[in-house]
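The exercises below ask you to follow strands through a sheet and then to look at some unusual backbone spots. Try each task on the structure before you read its solution.

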Amino acid sequence: LRFNGVIIITNIFYHLQARGSNLKMKILRKAAVCFALIFALALSACGAAPGVTLPDPDADVTSTPEPTPTPDPVKVRAEELLSGMTLREKLCQLMIVRPEVLTGESPVTAAGETTRLALETYPVGGLIYSVDNLVTQEQTREMITNTQSYSKLPLFISADEEGGNVGRLMYKLGTTWVNSMYSYKDEGADTAYSNAKTIGTDMVSCLFNTDFAPVADVWTNPDNTVIGDRAYSDDFEQAAELVASAVRGFTDSGVICCLKHFPGHGDTSTDTHEGAAVVSKSLDELRSGEFLPFISGIEAGADMVMIGHITVTSVDPEPATISKAIITDVLRGELGWGGVVISDSLDMGALAGYDNGEVCMKFLEAGGDILLGIPDIETALTSLEAAVTDGRLTESRIDESVQRVLELKISHGIIE
């Protein structure tokens, strides 16, 4: 192309020379020079000058690397702790037990050498206290302070403090009295928030860091006595609004809160403390009713979800406590819950027909995390360790739960 261009320009120049006068020649020479410059510029667009290498259009272009995301310090800290734990320590971390079960003494109202030795043997994840453990606020603080000082990893210090008939601190320690949640159902979301913040603040002042509340069940069955006025409402949508406000109140008080009892205990007629409770509703019916307060509570920032010993026959013939369909498929999968799942107390009558060690194994296998109220720690540990050895329960499944538990403790400042 360059060669042909030179020939064309040369021919024009000689052609002009042969044609006319000096003036015309000057004009024509200028025109020829301009033409030559224009032609040269056109050529530069079609090819590179000698010695200049154009980029290969087919070559890989190295893009600017994406900035490395900042690691989540909570996740990193939990991973560090997890990496240094034995299998037995991991399993113990997934247990919240009564102090009597831990120490073998009853009732426990102080923490001394017996508690220290017990925590060395069984480094559990937390303790749940009842009215029998509480005498005065000063005694309670001293007991909890000593207990925490004996534990390798700081503990969940928990109680059921709902208001009304279900209270521990209100009855024994003189904290702020709050009536049953149902009695406030028509007083709006602000009251639900205020009540929860008051309860949580009182608990934190006595060194508790975990409250198994709010109740997210809806009292739709008048024959239901185990839930009754513990519920926030007998209307699903109203309960959803009030439970979400309560979660925010607990959160602002600084206490860990727990939605209970999934998948919904309000329409049952049996007390799971005494026997098996059955829900005959379809999954679609539960989605449009019982699930609503759990969904709103999760969206409001709840820390835990408690699984009730409830059998939903349309989903699984086994109790929800050991149902992968309920815990993993519905709660974690459909509702998107990625946080801690805790069992209801494992010493309740609803599980009387099951081997306790087997229940512990199946709960973890189903996707649960914390085993609450184990009646015998050693028996549970033996069963779980055997399940790992036999391959029925993988250590990676255990690690998932321990990671969630540690992250919850770190995010709330229980573990620094």
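**Exercise 1.** In this predicted model, find which residues of strand β7 (residues 304-307) point one way and which the other way, and decide whether they are buried or exposed.

*Solution.* Begin with M304 and M306, which point one way from β7, and then turn to V305 and I307, which point the other way. In a regular strand, side chains alternate between the two faces of the sheet. For the second part, a residue counts as buried when its relative accessible area is under 20%, and all four named residues of β7 are buried.

**Exercise 2.** Find the strands that pair with β7, and place them in the sheet.

*Solution.* On one side, β5 and β7 pair in the parallel sense over three bridges, with C258 having M304 as its bridge partner. On the other side, β7 and β9 pair over four bridges, again in the parallel sense, and here M304 stands opposite V340. The open sheet as a whole has eight strands in the order β9-β7-β5-β4-β3-β2-β1-β10. Because β9 (340-343) and β10 (371-372) each have a single partner strand, they stand at the edges, with one side left without a neighbour in the sheet.

**Exercise 3.** Locate the cis peptide bonds that lead into P214 and P263.

*Solution.* The bond from A213 to P214 is cis, with omega near 10°, and P214 lies in the loop between β4 and α10 (236-253). The bond from F262 to P263 is cis as well, with omega near 10°, and P263 belongs to the loop between β5 and β6 (277-279). Most peptide bonds are trans.

Note on methods. Residues numbered from 1 in each chain as written. Predicted model: local features only at pLDDT ≥ 70, side-chain atom pairs only at ≥ 80, totals over all residues. Heavy atoms only, no water. Pairing = 2+ DSSP bridges. Helix = DSSP H or I, 4+ residues; strand = E, 2+ residues; numbered from the N terminus. Buried < 20%, exposed > 50% of the residue type's maximum accessible area, 1.4 Å probe, protein only.
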